[in-house]
Amino acid sequence: GREAKLQLVQRHVRAFPDFPKKGIVFRDICPILKDAAALKAVIDLFEEHVRNNHQHVDLIVGLDARGFLFGPLLAQRLGIGFVLVRKKGKLPGATVSVSYDLEYGKAEAEIQEDAVAPGQKVLLIDDLLATGGTLYAASELMRKQQAEVLGCMVVIELKELNGTDKLKPHRVFSLIQY
Ligand code: PRP
Ligand code: ADE
């Protein structure tokens, strides 16, 4: 059931204090990827959420780099496509970009100009929500391209950083909260 899957996922997240900087507790999702059942549980739970909450989704939009680990698997399950939001300078052709802050630095996010069409309904996916800077940047890219953000999905939400406030009015679905 759902509870067993959530527990399986939870057991496959490790905490590393003071990485990549002093004071940050890094939540490592690598053990999830290494365990077939845990990874399947993540995708099962995401799929269930989408099927229960969204009638029609055109695309899954995943964030560089760890959003790429889960997004394409979910998109395949749903029978829809996947779009990459990358760190600046990685995508060829015409692009649109925005800069943003994150828990331990600063970065710039970019999509290809033709990645989403006006009016398309998208779900944003990443491994983890901290300050919300990264997902907010992706939502800004979607706004610029006039795509409709149906919501955000993450494996892990760091509650104390209030990322969900930054993302309002978009809804955030998370599997694990710290
Ligand atoms: C991490 C994480 C999220 C983001 C969350 O990525 O994978 O994308 O930070 O932080 P925020 O909510 O404060 O924006 P990072 O930028 O470290 O890049 P990576 O996925 O390439 O490791
Ligand atoms: N990205 C931003 N903050 C993070 C954290 N504490 N652990 C893992 N990834 C992160």
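**Exercise 1.** Which strand gives the most to the shell around ligand 2, and with how many residues?

*Solution.* The model is predicted.
Step 1. List the shell: Ile 24, Val 25, Phe 26, Arg 27, Leu 102, Glu 103, Leu 128, Ala 130 and Leu 158 surround ligand 2.
Step 2. Assign residues to strands. Strand 2 spans residues 25-28, and the shell includes Val 25, Phe 26 and Arg 27.
Step 3. Strand 2 is therefore the top contributor, with three residues.

**Exercise 2.** Sort the residues of the same shell, that of ligand 2, by class.

*Solution.* Step 1. Among the residues around ligand 2 are Arg 27 and Glu 103; these count as charged.
Step 2. The full count for the shell is seven nonpolar, two charged and no polar residues.

**Exercise 3.** In what order do the seven strands of the open sheet lie, and which are the edge strands?

*Solution.* Step 1. The order is 5-6-4-3-7-8-9, with mixed pairing.
Step 2. Strand 5 (95-102) and strand 9 (172-177) each pair on one side only, and are the edge strands.
Step 3. From one strand to the next, the twist averages 25 degrees.
Step 4. Take one pair: strand 4 (residues 81-87) and strand 6 (residues 105-112) are antiparallel, joined over two bridges. Lys 87 stands opposite Ala 109 of strand 6.

**Exercise 4.** Which strands does helix 4 lie across, and which does helix 5 touch?

*Solution.* Step 1. Helix 4 (residues 67-78) crosses strand 3 (59-63), strand 4, strand 7 (121-129) and strand 8 (148-157), at about 140 degrees to strand 7.
Step 2. Helix 5 (residues 133-144) packs on the sheet and touches strands 3, 4, 5, 6, 7 and 8. The direction of helix 5 makes about 155 degrees with that of strand 5.

Terms used:
Residues are numbered from 1 along each chain as its sequence is written. Chains are lettered from A and ligands numbered from 1 in the order in which they are written. This is a predicted model: local features need pLDDT of at least 70, side-chain atom pairs count only at pLDDT 80 or more; totals for chains, interfaces and linings use all residues. A residue is near a molecule or strand if its C-beta atom, placed from the backbone, lies within 6 Å of it. Helices (H or I, at least four residues) and strands (E, at least two) are DSSP runs, numbered from the N terminus. Two strands pair if DSSP finds at least two bridges between them. Axes are lines fitted to C-alpha atoms, for helices over the stretch in contact, and angles run from 0 to 180 degrees between N-to-C directions. Two residues are in contact if their C-beta atoms, placed from the backbone, lie within 7 Å.
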